[in-house]
Amino acid sequence: MSYDYLLGKGRLTVNLNGVKENYERLSRLSVTSECAPVLKADAYGLGLEPVARTLSEAGASTFFVALPEEGIQLRKILPSARIFILHGFMSGEAEGMARKNLVPVINSVAQAYEWLTFCKITSKYCPAALQIDTGMSRFGLSEDDLKHDWLRELPLCLVMSHLACADTPEHPANKEQLACFERLTGYFPSVPRSLSASSGIFLGKEFHFDLVRPGAALYGIAPQKDMVNPLAQVVSLEVPVWQVRDVRQGDSVGYGYCWQAPHDMRIATVGIGYADGFFRSLSGRGTLWFKGTELPVLGRVSMDSVSVDVSNPDSGTLKPGDYVTVLGSAQSVDDLAQKAGTIGYEVLTALGRRYSRYYQNG
Ligand SMILES: *Cc1c(COP(=O)(O)O)cnc(C)c1O
């Protein structure tokens with residue numbers, strides 16, 4: 001391992017073997033479907049290139065990103081992959097999309113019409129996916145929209161929809177969306193179908209169809225609320241202790257003087273703040289870890305630093321230059337998210353750009 005010890009930065013380690021292991025587990029679970037990773041937002045903040053290469057080596061050949069720009073980046077890394085663009089294209093961009101060999105997910109009647117017109121004018125019937133809204137009211141064509149006969153002329157390689165409540169298996173919306181999807185895909189009888197992202201894969205076989213689209217689960221986020229997470233954690237994050245200080249009873253710590261020491265104690269100022277994705281909502285609530293000892297956050301999280309309690313005798317040897325753990329075996333991405341009042345997705349995609357990044361088994 002080679003870290004930039006001199007720079008006072010945190011070190012973010014991505015275990016690519018864990019990503020591969022998670023991909024293999026999800027593939028086994030959805031064995032009759034193609035498993036097509038979602039790599040939007042820089043592979044959920046983990047780094048597009050190393051993650052894409054790892055998944056390609058693990059056997060993936062179809063990928064999803066959100067934006068055309070992300071597709072262009074991915075195309076440079078994986079020249080022969082099939083790349084779907086979840087947001088489709090803006091008016092006037094159909095040609096560029098086709099030229100770059102990107103497959104748009106068509107989300108509206110207007111997009112569908114523009115794609116078909118482009119296909120007819122150029123006599124190039126480039127494949128597209130069609131999204132159907134089965135309840136989320138976010139993207140995709142409604143049941144009424146599907147009655148346009150000309151939609152059947154589209155060169156579709158996939159019809160898809162997205163589940164809104166799949167992390168809650170008992171939620172009635174899951175079965176309703178499934179039934180709606182079965183019914184509406186009847187308009188396109190021979191086109192391959194896709195309904196599930198990570199959480200949907202864990203709802204059972206009837207949700208798998210021909211292709212599944214996992215993102216979060218590849219990166220270790222728990223797919224369902226009350227389930228023991230079967231996936232490997234792939235991110236660990238350690239940050240340097242910048243100072244260790246003794247404070248007296250009644251001394252205040254941090255912005256707003258929001259926290260006062262109830263007794264004499266020892267605190268550490270640590271190099272991670274909200275600019276690094278350590279959310280300000282962790283003020284007074286988060287914890288860091290040092291060799292199995294919990295270090296509670298004291299007062300407000302600053303932009304570049306946070307103060308933690310190191311009075312516990314077990315953390316007594318802590319000194320400037322030591323590293324404390326933000327994410328690791330003691331604290332998963334979901335654990336930290338819960339303390340911050342958010343979800344693991346937001347923790348990962350907010351990971352800062354200031355860390356030294358290290359890819360294991362890459
Ligand atoms: C982001 C996204 C996914 C991946 O979702 P995860 O919950 O991260 O597995 C799949 N499909 C669509 C349409 C998405 O927007």
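Biologist: What counts as a cavity here?
Modeller: A set of points on a 1 Å grid over the protein atoms alone, where a 1.4 Å probe fits but cannot get out. The model is predicted, so local features need pLDDT of at least 70 and side-chain atom pairs 80 or more, while totals for chains, interfaces and linings use all residues. Numbering runs from 1 along each chain as its sequence is written, and side-chain values use heavy atoms, without hydrogens or water.

Biologist: How many cavities of 30 Å³ or more?
Modeller: The structure has 2. The largest has about 50 Å³, a volume being the space filled by probe spheres set on points joined across faces, edges and corners.

Biologist: Which residues line the largest one?
Modeller: Q131, I132, D133, M136, R138, F139, S161 and H162, lining meaning an atom within 4 Å of a point. They split into 3 nonpolar, 3 polar and 2 charged.

Biologist: And the second largest?
Modeller: That cavity holds about 30 Å³. Its lining includes L237, I272, D276, F278 and Y355. By class: 8 nonpolar, 1 polar and 1 charged. Tyr counts as nonpolar, Gly as polar.

Biologist: Switching to the ligand. Which residues come nearest?
Modeller: K40, Y44, S198, A216 and Y345, out of 14 around the ligand (a heavy atom within 4 Å). That shell has 8 nonpolar, 3 polar and 3 charged residues.

Biologist: Which side chains have N or O atoms by a ligand nitrogen?
Modeller: R213 at 3.0 Å and H162 at 3.5 Å. H162 also lines the largest cavity.

Biologist: What about Y44?
Modeller: A polar side-chain atom of Y44 lies 2.4 Å from a ligand oxygen. The protein covers 91% of the 390 Å² of accessible area the ligand has on its own (Shrake-Rupley, 1.4 Å probe).

Definitions and conventions:
On a 1 Å grid over the protein atoms alone, a cavity is a set of points where a 1.4 Å probe fits but cannot get out, and a pocket is an open set with protein on both sides within 12 Å along at least five of seven lines; lining residues have an atom within 4 Å of a point. A polar contact is a pair of N or O atoms within 3.5 Å; within protein, one must be able to donate a hydrogen and the other to accept it, and residues adjacent in sequence count only if both atoms are side-chain atoms.
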